[in-house]
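Trainee: I am new to this structure and would be grateful for a close look at a single part of the chain.

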Amino acid sequence: MTLAFAPAAHAVDWRFEPYLNASATYTDNARQSSNNPQNALILTETPGFTLHSEGSRRVQASLQYGLTGVERIGNDQNNDLYHNLNAVGKAELVKDFLFIDGNAHISQELISLFGSPADATVNNSNRTTVGVYSISPYIQQRLGTFAFAQARYTASRAIFQNNVAPNANSNSFATSLKSGTRFTDLNWGLNYSITKTQNRSALNSAYNTDVTFESASATVGYALTRRFRVFGTVGHDSNDYLSSTGTSGSFYSAGFGWSPTRLTSVEASVGERYFGRTYSFSGSHRTRLTRWTLRYSEDVSDISRLVTNYNDLQQVHWSCPASAQAILPGNATVYDLLNAGCQVDSFQFGSSVEAGVFISKLLTGGVTWQLGKADVSVTLSDLTRQYQLVQAQDRVQRASGLIQYHLTPIITANGGLSFIRNSSGGVLTGGLARADDIMILDFGINRRFTNKLNGALTFRRTQRTSNVANADYDEDSITASVNMRF
């Protein structure tokens with residue numbers, strides 16, 4: 001839809017790359033059962049393609065699509081077909097004035113934090129297909145050197161298979177006026193946004209709700225030195241959704257930004273909103289061999305807003321091949337990630353699909369090292385969702401480490417260790433409060449046979465311990481996979 005409006009006279013080149021992925025996985029516990037483990041052989045085949053725009057500043061687009069066929073061989077197993085899509089596009093329709101963005105995504109997401117955590121190809125009992133898309137035309141205009149103005153409309157939709165969550169239709173409008181180049185040490189901004197969402201469920205009419213998020217704010221900042229600045233924001237939320245506490249009220253925040261060097265930056269703030277004290281932090285630091293990042297944010301949201309916020313790289317968990325580490329820039333965009341062969345694993349770092357409005361508190365951090373032939377990375381995330389109607393919360397905490405060692409120019413060995421804790425109060429689980437600890441250990445080897453043919457062999461051990469009876473399990477699996485590009 002985005003590209004359909006692109007200027008016809010503006011030349012755009014396209015790079016089309018078909019591919020074929022295939023894998024065979026043997027597992028000794030296909031259904032992650034505590035007392036009845038079942039062996040299974042899972043065969044998958046994924047024909048697909050990537051499509052990227054090239055040679056144009058005014059049109060950018062990236063698309064990945066794959067259709068995965070799954071055959072499960074074993075006791076009480078079935079077969080499936082899964083669509084997977086990652087697509088983004090943007091175009092400049094009228095130079096420096098009228099633009100349009102669009103994105104679409106299809107994936108298989110967790111239904112519950114406490115069901116099977118396996119990938120949908122292994123076990124689809126706790127997975128549902130989620131499809132989302134959005135289209136967003138906007139205008140922007142420089143008002144001389146005084147200000148910069150923008151107005152944006154966005155239409156989006158989120159569709160959940162088997163009605164595990166209500167389908168959502170959203171319309172939003174946002175406008176802003178920010179200080180122009182005339183202002184040097186002083187900067188200011190005025191912002192207004194409103195989003196109206198219709199949630200509709202075919203199975204449960206209680207989820208048929210209309211939700212409104214509306215906010216107006218003013219921001220002012222001042223650079224005390226070339227490297228240190230302060231800023232503050234005041235505004236008002238005028239939301240409308242089902243809540244047992246409150247939905248609206250005035251807010252404020254104050255903070256600072258510090259950039260001691262070109263490779264280091266820190267920004268932090270503290271404030272107050274109608275749901276309580278709020279904090280935010282973002283920091284990054286780079287050296288010749290390392291890259292450090294840390295971010296914390298709080299906001300009010302629901303599952304439809306999360307899954308349609310595809311361009312926010314902090315809300316999406318990406319999986320990238322080893323070859324991408326060397327070519328991705330430090331400020332990589334979603335286009336850079338897709339062009340490097342990265343794919344979206346899951347939204348909100350493995351969180352589940354839950355209906356209702358919640359306060360989201362998300363902490364993410366990571367560090368990567370390049371140590372000779374070894375690439376090492378450590379990532380952390382901590383997500384808490386506080387639901388506003390039932391006064392309950394769930395939490396997903398994750399710590400992961402990965403090492404990739406280049407044995408030869410064509411052979412790479414890798415190992416990974418992840419710890420995940422899922423916890424929730426009794427309101428969401430329908431009983432006692434629950435906490436599950438999941439440990440995942442991976443060992444593998446990757447080989448490049450030709451420039452367009454790669455293979456891998458991976459062993460994985462998964463172990464879950466829980467405070468709930470009959471929820472513990474162990475699983476060992478081995479996967480042989482091949483990827484061919486044409």
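With which side chain does the side chain of Thr25 make a polar contact?

Mentor: The side chain of Thr25 makes a polar contact with the side chain of Thr479, at 2.8 Å. A polar contact is a pair of N or O atoms within 3.5 Å; within protein, one must be able to donate a hydrogen and the other to accept it, and residues adjacent in sequence count only if both atoms are side-chain atoms. Please note that this is a predicted model, in which local features need pLDDT of at least 70 and side-chain atom pairs count only at pLDDT 80 or more, while totals for chains, interfaces and linings use all residues. Residues are numbered from 1 along each chain as its sequence is written, and side-chain values use heavy atoms, with hydrogens and water left out.

Thr25 belongs to strand E1, residues 13-27; strands (E, at least two residues) are DSSP runs numbered from the N terminus. Because its relative accessibility is 11%, Thr25 counts as buried, a term that means under 20% relative accessible area, with exposed being over 50% and partly exposed in between (1.4 Å probe, protein chains only). Beyond the neighbours within four places in sequence, Thr25 is in contact (heavy atoms within 4.5 Å) with Ala40, Leu41, Ile42, Ser477, Ile478 and Thr479. In addition, 9.3 Å separates the C-alpha atoms of Thr25 and Thr458, which are 433 residues apart along the chain.

Two of these contact partners, Leu41 and Ile478, also appear in a nonpolar surface patch of about 920 Å². The other residues that make this patch are Tyr26, Leu43, Ile73, Tyr405, Leu407, Phe443, Ile445, Leu457 and Phe459. Patches are made of residues with over 30% relative accessible area and no salt bridge (a side-chain nitrogen of Lys or Arg within 4 Å of a carboxyl oxygen of Asp or Glu); nonpolar side chains (Val, Leu, Ile, Met, Phe, Trp, Tyr) are joined within 5 Å, and like charges within 9 Å. Accessible areas come from the Shrake-Rupley method with a 1.4 Å probe, and for residues only the protein chains shown count as cover.

At least two residues of the nonpolar patch come from each of strands E2 (40-54), E20 (392-408), E22 (434-450) and E23 (453-466). Phe459 is located in strand E23. Phe459 counts as partly exposed because its relative accessibility is 34%, whereas Thr25 is buried.

Note on methods: Helix = DSSP H or I, 4+ residues; strand = E, 2+ residues; numbered from the N terminus.
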